[in-house]
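Colleague: I'm still new to reading models like this one. Please pick one part, look at it closely, and then show me how the rest fits around it.

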Amino acid sequence: MALQALQSSGVTFRRILSHFPEELSLAFAYGSGVYRQAGPNSDQKNAMLDFVFTVDDPFAWHSKNLKKNWNHYSFLKVLGPKMITSIQNNYGAGVYYNSLITCDGRLIKYGVISTSILIEDLLNWNHLYVAGRLQKPVKIVTMNEDITLRSALDRNLKSAVTTAFLMLPESFSEEDLFIEIAGLSYSEGLSSCRKIISGLPLILHYGDFRMLVGEDKTKVLNIVKPNIAHFRELYGSILQENPQVVYKSQQGRLEIDKSPEGQFTQLMTLPKSLQQQINHIMDPPGKNRDVEETLFQVAHDPDCGDVVRLGLSAIVRPSSIRQSTKGIFTAGMKKSVIYSSLKLHKMWTGWLRKTS
């Protein structure tokens, strides 16, 4: 099972987890502090560690965490756990971040998300925020025996593969595939380009707000290139078992079915939110076609991959903007300025390296 490749039992991560309430259905660490990245993050031995904590009862968890780690929270802590839980669940991407926390001698950032909202995101890509994090190699520190959650985690990986297939040519390399997958939660809008899709002039922009300000524009490449083996471990069994791909693992090459029939099969298995966004993009005003009819048309469109990109952007863009705005309040103004400055510094450092 591909999910097994996510698991890890690092002592450093478990020591940090001991500072928090124990009621976690899933906890994982991610980012440049966990897996080496190329570019400006490559030399950061003591990079900030990023965590996501999944909890069944956010109100109960925040109640305990406020007593245990009152200083982690911004001014919102005075509003109490009920308001914090409401802000977590109802705004942005359903995750509440506390940033720039010193814990066990390391600088960390941690997000809290409810188990039910995470499962919905993994299955349907409502936000493709935490689900997007889990499409890349992460270190799972703890996970309970929730079968529904485990199944959703596996479904998310399979959906990432299918979506990437739709945006790739008939033959490609493992690296090409992993770059597409790693870019899904940034909507792969890595360059603005004009496309004509079924006669409609559409412009592809950066989907993820973070890719416009504060993120190194080569971030996706920097994530993938040093971590091909980790991506292969994560997705290898899925590729081997997928009937629509010929996976030549020894050569690191793949071939997929790009016929309209093959693409229609793939489109029909996409997460519900992505299907709905594609339908919204392609359905002419007043026609009100059902999703299956629209997907059938897209499967026969030579610009099928670009339509899928637009659908991804329609999910990622508003979600990332709302989450980034929420972060100003959950982190507090001072921490937000410091955190944004660190991001801009990394972006500037990356630019200087490329031009030197």
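Modeller: Let's start with the side chains of Asp154 and Lys158, which meet in a salt bridge, 3.6 Å from N to O. Keep in mind that this is a predicted model. Both residues sit in helix α6, four residues apart, or about one turn of the helix. So are the two partners buried or exposed? Asp154 has a relative accessible area of 12%, so it is buried, because the cut-off for buried is under 20%. Lys158, at 32%, is partly exposed.

Now look at the helix itself. Helix α6 covers residues 147-166, and it gives nine residues to the largest nonpolar core, the largest share of that core. The core has 68 residues, and those with the most contacts inside it are Phe28, Val130, Leu177, Tyr235, Leu267 and Ile278. In soluble globular proteins, nonpolar side chains tend to be buried together. Take Leu177 and see what it touches: leaving out residues up to four places away in sequence, the list is Ala164, Phe165, Leu168, Phe172, Leu239 and Leu254.

The pair in α6 has company, since the structure holds ten salt bridges. Glu175 and Lys225 form one of them, with 2.8 Å from N to O. This one links distant parts of the chain: Glu175 is in helix α7 (residues 174-183), while Lys225 is in the loop between α8 and α9, 50 residues apart. Glu175 comes out at 28% relative accessibility, so it counts as partly exposed, and Lys225 is partly exposed too, at 46%.

Another one joins Lys109 to Asp50, with the closest N and O atoms 3.8 Å apart. Lys109 lies in strand β4 and Asp50 in strand β2 (residues 49-55), so this pair ties together parts that are 59 residues apart in sequence. How much of each partner is accessible here? Lys109 counts as buried, at 8% relative accessibility, and Asp50 is also buried, at 10%.

Since Lys109 brought us to β4, let's stay there for a moment. Strand β4 (residues 106-114) pairs with β3 in the antiparallel sense, over seven bridges. One example to find on screen is Thr102, whose bridge partner in β4 is Leu107. The two strands form a hairpin with two residues between them, and Asp104 in that turn has a positive phi of about 55°. Is β3 out in the open or enclosed? Eight of the nine residues of β3 (residues 95-103) are buried, so the strand is largely enclosed by the rest of the structure. There is also a second, separate core of 26 residues, which includes Trp61, Cys103, Tyr110 and Val112.

Next comes helix α4 (residues 115-124), which is mostly covered, with seven of its ten residues buried. Among those buried residues are Thr115, Leu118 and Asp121. Just after this helix, Trp125 takes a positive phi of about 60°, although it is not a glycine. Most residues other than glycine have a negative phi. Trp125 is in the loop between α4 and α5, and with 0% relative accessibility it counts as buried. Leu128 lies in the loop between α4 and α5 as well. It has a positive phi of about 50°, again without being a glycine, and it is buried at 1%.

For a last stop on the inside, try Gln323 in helix α13 (residues 304-331). At 5% relative accessibility, Gln323 counts as buried. Its C-alpha atom is 7.3 Å from that of Tyr91, although the two are 232 residues apart along the chain. Gln323 touches Tyr91, and its other contacts include Val95, Tyr97 and Tyr129.

What about nonpolar residues on the outside? Trp70, Val78, Leu79 and Met83 form a nonpolar patch on the surface, with about 420 Å² of accessible area together. Met83 is in helix α3 (residues 80-90) and counts as partly exposed, at 38% relative accessibility.

Finally, zoom out. The chain has 14 helices and ten strands, and 56% of its 356 residues count as buried. Among contacts with a separation of 6 or more, 71% are between residues 24 or more positions apart. The accessible surface comes to about 15,700 Å², and 55% of that belongs to carbon and sulfur atoms.

Terms used
Residues are numbered from 1 along each chain as its sequence is written. This is a predicted model: local features need pLDDT of at least 70, side-chain atom pairs count only at pLDDT 80 or more; totals for chains, interfaces and linings use all residues. Side-chain values use heavy atoms; hydrogens and water are left out. Patches are made of residues with over 30% relative accessible area and no salt bridge: like charges are joined within 9 Å, nonpolar side chains (Val, Leu, Ile, Met, Phe, Trp, Tyr) within 5 Å. Accessible areas come from the Shrake-Rupley method with a 1.4 Å probe; for residues, only the protein chains shown count as cover. A salt bridge is a side-chain nitrogen of Lys or Arg within 4 Å of a carboxyl oxygen of Asp or Glu. Buried means under 20% relative accessible area, exposed over 50%, partly exposed in between (1.4 Å probe, protein chains only). A nonpolar core is a set of buried Ala, Val, Leu, Ile, Met, Phe, Trp, Tyr and Cys residues joined through side-chain atoms within 4.5 Å. Contact means heavy atoms within 4.5 Å. Two strands pair if DSSP finds at least two bridges between them.
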